[in-house]
Amino acid sequence: MSAIQTFFLQGSASSLLSSHSSVATSCRKVSVKFTVSCCSEASPLTVMNGNVDKRPSERTEVRLGLPSKGRMAADSLDLLKDCQLSVKQVNPRQYVAEIPQISNLEVWFQRPKDVVRKLVSGDLDLGIVGLDTVCEYGQGDEDLIIVHDALEYGDCRLSLAIPKYGIFENVNSMKELAEMPQWTPERPLRVATGFTYLGPKFMKENGLKHVSFSTADGALEAAPAMGIADAIVDLVSSGTTLRENNLKEIEGGVIVQSQAVLVASRKSLQRKVVLDVTHEMLERLEAHLRAAGQFTVTANMRGSSMEEVAEKILNQKSLSGLQGPTISPVFCKRDGRVTIDYFAIVICVPKDTLYESVQQLRKIGGSGVLISSLTYIFDEEPPRWRQLLSTLGH
């Protein structure tokens, strides 16, 4: 098979990313006709300890798929470690590992696209990959459910980019691109991309009827300059590479805003053991990620009563904490007797407003201000857990 494959749009498509709770509502199917034929990839049988693996419904263990290489792989392992879920891998060449803190949980290292494919086939129960990968290779499969949609790493966007020069110099929106008279059945807009599902779907939704797509190995940014494509659809982080290759993003050209997500198989979640593991993982992830954006602030304040100190603090919006300040008396000994001249206050403040919060605290009489980082903040029940149960109809 050649390095470049060409295919054309056919059929219709619906809206792209209206919800993250179910991939089916995010990535509707679109019919695409290829001019080349490919052999379908069958999910291989897994052999463990010399025995052919049981069917998914008969398994007692839970399988979590993680990316096997790259930045996403390293960041996924770091996040799990921060949540006290360190992955134990005896041999770095092995594709199977474990997380000792959760019994019956197996970790399988796979290519990101294979994580999604094996969730659909039932060979995996849970997975951590980018949302763009879920949408591209899940293709709207109703069995895929996004359990946590914001793991706060792997940020990027799948975007359309066109040259800054030539016939595109004054084109700055998808509407203007679609209205260009150059695109005809004989001379379609040529788009290079590795996203052979999302790319055609997006163009169809934006009214571009005459489009041809090609997939090529290597850096797509060079395709327009080489004359083999008019535009590209690719992942963008900072946009520096696009700018350095005289390409630009345009208004309405972002297809998916992506970051790492925890995704699960709906069928797998019908098994209690999988649901229980998902609950624990979700609680740990939510608690850690929420804490990562907060600091604990402890200070002493003069006052005649706890109510008086609370009044001063609650009048400052940035000092209200999670539910409110914790206040306790500070006992001092003066002239041979115990007195209460100060009260200790403890609040949580967001990292991005830390300095302003400390300034406000000092302005109302706070002193001896101590700052410490947080590891976890556990809610009564994670909101995403309630959302998952609702999605499952529980």
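Helices (H or I, at least four residues) are DSSP runs, numbered from the N terminus. The structure is a predicted model, in which local features need pLDDT of at least 70, side-chain atom pairs count only at pLDDT 80 or more, and totals for chains, interfaces and linings use all residues. Residues are numbered from 1 along each chain as its sequence is written, and side-chain values use heavy atoms, with hydrogens and water left out.

**Exercise 1.** Determine how Asp 75 and Arg 71 are placed in helix α2 and how they interact.

*Solution.*
- Step 1. A salt bridge requires a side-chain nitrogen of Lys or Arg within 4 Å of a carboxyl oxygen of Asp or Glu. Asp 75 and Arg 71 form one, their closest N and O atoms being 3.2 Å apart.
- Step 2. Both lie in helix α2 (residues 70–82); because they are four residues apart, about one helical turn separates them.
- Step 3. Buried means under 20% relative accessible area, exposed over 50%, and partly exposed in between (1.4 Å probe, protein chains only). Asp 75 is buried at 17%, whereas Arg 71 is exposed at 65%.

**Exercise 2.** Analyse the pair Glu 205 and Lys 201 in the same way.

*Solution.*
- Step 1. Their side chains meet in a salt bridge of 2.7 Å, N to O.
- Step 2. Helix α6 (residues 198–205) holds both, four residues apart, which means a separation of about one helical turn.
- Step 3. Glu 205 is partly exposed at 28% relative accessibility, while Lys 201 is buried at 0%.

**Exercise 3.** Locate the partners in the salt bridge between Asp 230 and Arg 187.

*Solution.*
- Step 1. The N to O distance is 3.0 Å.
- Step 2. Asp 230 lies in the loop between α7 (223–226) and β13 (231–236), and Arg 187 in the loop between α5 (174–178) and β11 (189–193); the pair links distant parts of the chain, 43 residues apart.
- Step 3. Asp 230 is buried at 6%; Arg 187 is partly exposed at 33%.

Technical notes: Helix = DSSP H or I, 4+ residues; strand = E, 2+ residues; numbered from the N terminus.
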